[in-house]
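Hi everyone, thanks for coming along. Let's put the structure up and walk through it together.

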Amino acid sequence: MNEPTKQLELIDKWVGDLSAINNVAMIWIEGSLAQRRGHSASDIDMRIAVFEYPDPEYYRVLLDSIGNYEISTVDHSGSIGEKIFVRVLTRSGVVIDLDIFMADVLNSLRLPPYKILFSRINKFNFHSLPVQSPSQIWPAQSILPNILHKMMVDLLIVMASVPSMFYWGELHSAMFQLDLVRIEIIKLIFALHGISHFSRYKHMSELFSEHHLAKLRLTYPTLISGHGIARSFIYSYRIMGEYLELLSNQSGGGFDAELYWGIYGGVVKQLEQF
């Protein structure tokens with residue numbers, strides 16, 4: 001059940017068809033399938049090098065044999081054919097991240113672990129990527145104090161409006177707002193670690209310590225009721241303030257503790273009624 005059967009079958013057929021195209025120089029895969037860590041929901045990280053890239057739509061020729069599919073993203077990096085990124089969803093539910101390179105850049109590539117599936121090139125020299133931290137691979141933009149202060153004010157405006165949903169009895173609205181608050185907390189955790197937010201989000205346990213993950217788990221209500229949701233807001237906005245303050249210390253300022261905790265205290269008093 002957990003084996004990447006449909007991915008491997010798709011790859012076998014795809015490589016067989018691509019190898020008949022004389023313009024295809026090399027095919028390899030990266031990611032979990034290259035490292036034999038794949039499962040039934042794994043993406044396919046396919047890489048194809050070509051001798052020529054005759055037109056901007058040539059990627060469709062390389063996708064011909066995978067059957068019916070939908071294209072999500074097409075990104076041309078640099079001059080035509082230097083590198084094309086295409087994200088595809090097959091009708092069987094397999095996500096494919098395809099990078100297309102010109103063959104003459106192969107010796108300059110620095111790659112993560114990979115597996116060669118086909119090659120018309122006898123000599124090539126891939127370089128291994130050096131070991132890097134997540135913040136080096138996906139660096140976050142620095143947050144200046146004035147930006148952090150505005151971020152805090154925007155979050156406080158939303159916080160101040162939360163009790164109104166409870167006065168109106170709009171628990172579904174409150175649950176929706178709680179989900180949005182959690183997303184903002186996750187963004188702050190990414191920023192605190194210097195990682196562009198949502199990078200490698202499917203592997204948070206590799207990015208963040210259990211200390212942060214445990215805090216995040218506690219933002220989910222244990223009881224779906226007015227009281228349970230209100231308690232989750234109280235906790236969530238408390239740790240949001242803590243993360244904003246940590247980020248402010250890291251960024252050189254921007255967090256107004258008196259303002260934040262003052263508004264927070266007033267909101268807590270209202271939420272504690274429910």
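About 15000 Å² of the chain is exposed, and carbon and sulfur atoms supply 54% of that; accessible areas here come from the Shrake-Rupley method with a 1.4 Å probe, and for residues only the protein chains shown count as cover. Please keep in mind that this is a predicted model: local features need pLDDT of at least 70, side-chain atom pairs count only at pLDDT 80 or more, and totals for chains, interfaces and linings use all residues. Residues are numbered from 1 along each chain as its sequence is written, and side-chain values use heavy atoms, with hydrogens and water left out.

Now the overall shape. The C-alpha atoms fill a box of roughly 70 × 40 × 35 Å along the principal axes. The radius of gyration is 24 Å, whereas a compact globule of 274 residues would be near 19 Å (taken over C-alpha atoms; the globule rule is 2.2 Å times the number of residues to the power 0.38). The chain has 10 helices and eight strands, which are DSSP runs numbered from the N terminus (helices H or I, at least four residues; strands E, at least two). Of the 274 residues, 41% count as buried, where buried means under 20% relative accessible area, exposed over 50% and partly exposed in between.

On to the interior. A nonpolar core is a set of buried Ala, Val, Leu, Ile, Met, Phe, Trp, Tyr and Cys residues joined through side-chain atoms within 4.5 Å. The largest one has 42 residues, and Phe233, Tyr237, Met240 and Tyr260 touch the most other members. Elements giving two or more residues to this core include H5 (145-167), H6 (171-192) and H10 (257-271), but the largest share, 11 residues, comes from H9. Apart from it lies another core, of 30 residues, among them Trp14, Ile84, Val94 and Met102.

Which face of H8 is turned inward, you may ask? In H8, His212, Leu213, Lys215 and Leu216 are buried. Seen down the helix axis, the buried residues of H8 fall within an arc of 160 degrees, so they line one face; the arc is that of the directions from the axis to the C-beta atoms. They pack against H6, H7 and H9, with contact meaning heavy atoms within 4.5 Å.

Finally, Thr90 sits in strand E4 (residues 83-90) and is buried at 4% relative accessible area. Beyond its neighbours within four places in sequence, Thr90 contacts Leu10, Ile66, Asn68, Tyr69 and Ile96.

How values were computed: Buried means under 20% relative accessible area, exposed over 50%, partly exposed in between (1.4 Å probe, protein chains only).
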